[in-house]
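Subject: A structure for you to look through

Dear colleague,

I am passing on a structure that I would like you to open and look over at your own pace. Once you have had a look, please read the notes underneath, which set out what was found.

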Amino acid sequence: MTRDQVIGAAIFVVCLLILIGYLADMVIMAVTRMQYSWIAGFLEMLGAKLPKPPWGPFWVLIWLIAVPVAIAFCAVMAIGAWIGWTMATTPPPAPIEELEEELKGEEKEEKKEEGEEKKEEKGEEK
């Protein structure tokens, strides 16, 4: 694998893991009615002090904001995963030296063809 493919594979894996973790936590919070979040549990394990969720119109507002943001976040992570996958599976470009040799070969062939056409035109004129 080339360097670009390794970077692409890393981008793909990271974006996919973040997307899966985010969606899993959204489902866990919905099922437990905002009583548990594995991300919040992880943050508390690291020493963060988080308040317990209150109920009321505030949380309705949060969900009205959170759902579109969650959709946008998931779309961005999916696009990132797609870019990573594309980078990981695309073969590396040909070295510049090979491209220069191909271009020189094509130029020689074009000059040969032009020379042959000119000879044919001269032969028709006689």
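**A buried glutamine**

Gln 5 counts as buried, because its relative accessibility is 11% and the cut-off for a buried residue is under 20%. Please keep in mind, here and in everything that follows, that this is a predicted model. Gln 5 is found in helix α1, and, when residues up to four places away in sequence are not counted, Gln 5 touches Met 87, Ala 88, Thr 89, Thr 90, Pro 91 and Pro 92.

**The chain as a whole**

Stepping back from that one residue, you will find that the secondary structure of the chain comes to 4 helices and 0 strands, so that the elements, read from the N terminus on, follow the order α-α-α-α. Of the 126 residues in the chain, 14% are buried. The chain has an accessible surface of about 10300 Å², and carbon and sulfur atoms account for 68% of that surface. Among contacts between residues at least 6 apart in sequence, 68% join residues that are at least 24 apart.

**The core**

Which residues make up the largest nonpolar core? There are 5 in all, namely Cys 15, Leu 19, Cys 74, Met 77 and Ala 81. The elements that give two or more residues to this core are α1, which spans 3-31, and α3, which spans 57-89, and the largest share, 3 residues, comes from α3. In general, nonpolar side chains in soluble globular proteins tend to be buried together.

Two members of the core are cysteines, Cys 15 and Cys 74. Cys 15 is buried, because its relative accessible area is 11%, and Cys 74 counts as buried as well, at 15% relative accessibility. Leaving aside neighbours within four places in sequence, Cys 74 is in contact with Leu 19, Tyr 22 and Leu 23. A search of the whole structure for disulfides finds 0.

**A nonpolar patch on the surface**

Nonpolar residues also appear on the outside, where Tyr 36, Trp 38, Ile 39, Phe 42, Leu 43, Met 45 and Leu 46 form a surface patch with about 710 Å² of accessible area together. Is Leu 46, one of these residues, buried or exposed? Leu 46 is exposed, because its relative accessible area is 60% and the cut-off for exposed is over 50%. Leu 46 is found in the loop between α2, which spans 38-45, and α3.

With best wishes

Methods. Residues numbered from 1 in each chain as written. Predicted model: local features only at pLDDT ≥ 70, side-chain atom pairs only at ≥ 80, totals over all residues. Heavy atoms only, no water. Core = buried A, V, L, I, M, F, W, Y, C linked by side-chain atoms within 4.5 Å. Buried < 20%, exposed > 50% of the residue type's maximum accessible area, 1.4 Å probe, protein only. Contact = heavy atoms within 4.5 Å. Disulfide = S-S within 2.5 Å. Areas by Shrake-Rupley, 256 points an atom, 1.4 Å probe, with all protein chains shown as cover. Patch = residues over 30% accessible without salt bridge, like charges linked within 9 Å, V, L, I, M, F, W, Y side chains within 5 Å. Salt bridge = Lys/Arg side-chain N within 4 Å of Asp/Glu carboxyl O.
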